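Work through the aromatic contacts of the model shown here. Each exercise has a task and a stepwise solution.

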Amino acid sequence: MDEEALLRKAKEGNSNATDKLIIRYRSDVEAIAMKYIASPLEKDDLTQEGMIGLLAAIKSYSNEKGAKFKTYASRCIDNSIKTALKKLSRMKDIPQSNIVALDDDIFENQFSLSAEDEYLAKESVQALSDILYEELSRFENEVLRLYIVGCSYNEIADKLGKNTKAIDNAIQRIRKKLSGVAY
């Protein structure tokens, strides 16, 4: 399958096409990452940041801009790695008294996402947000927002100047509209 077809399918959400592009460009990502091997990040971290750049390139590439995908992807990969290095260098400016040792128990009940998981989570949130905007009315979106933050039917009704029956009806419509949505 040619590159244009793979890019088109990947943009449409075809994970097999995305996987093929990742395999095809992995050596390019590793080559670009090797330019920064003397940096504080390890090779695997540099490669991972480069992969994030490659995924961003796959999602945002447009052949109408005149650049070939390989050129565009290389720039995105390089920029992603540079951004990670800039973030790391900013950490040096934090006073040592503000840094907490990793063996402290403050992280015991928390978890962290990998950069890839964070990227995918942001995509899912954006997709859900788009679906809510398209499927729900402005009133229904407002009711849902207040419901999610823990407001009762009475509180929602008071804030929106409606009666509780209108709020209940809105929540029933929201449930019905979102029951068949897959994102």
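The exercises below cover ring pairs, burial and a charge over a ring.

This is a predicted model, where local features need pLDDT of at least 70, side-chain atom pairs count only at pLDDT 80 or more, and totals for chains, interfaces and linings use all residues. Numbering runs from 1 along each chain as its sequence is written, and side-chain values use heavy atoms, without hydrogens and water.

**Exercise 1.** Classify the pair of Y25 and F69.

Solution. Rings of Phe, Tyr and Trp (its six-membered ring) pair if their centres lie within 6.5 Å; planes under 30 degrees apart are stacked, over 60 edge-to-face, the rest tilted. There are four aromatic pairs in the structure. In this one, the centres of Y25 and F69 are 5.2 Å apart and the planes stand at 80°, so the pair is edge-to-face.

**Exercise 2.** Are Y25 and F69 buried or exposed?

Solution. Buried means under 20% relative accessible area, exposed over 50%, partly exposed in between (1.4 Å probe, protein chains only). Y25 has 5%, so Y25 is buried. F69 has 1%, so F69 is buried too.

**Exercise 3.** Classify the pair of Y61 and Y72, then give the burial of Y61 and Y72.

Solution. The centres of Y61 and Y72 are 5.6 Å apart with planes at 50°, so the pair is tilted. Y61, at 6%, is buried. Y72, at 26%, is partly exposed. Y25, Y61, F69 and Y72 form one aromatic cluster.

**Exercise 4.** Which residue lies over the face of F139?

Solution. The criterion is NZ of Lys or CZ of Arg within 6 Å of the ring centre and within 35 degrees of the ring normal. K162 lies over the face of F139, 5.4 Å from the ring centre.
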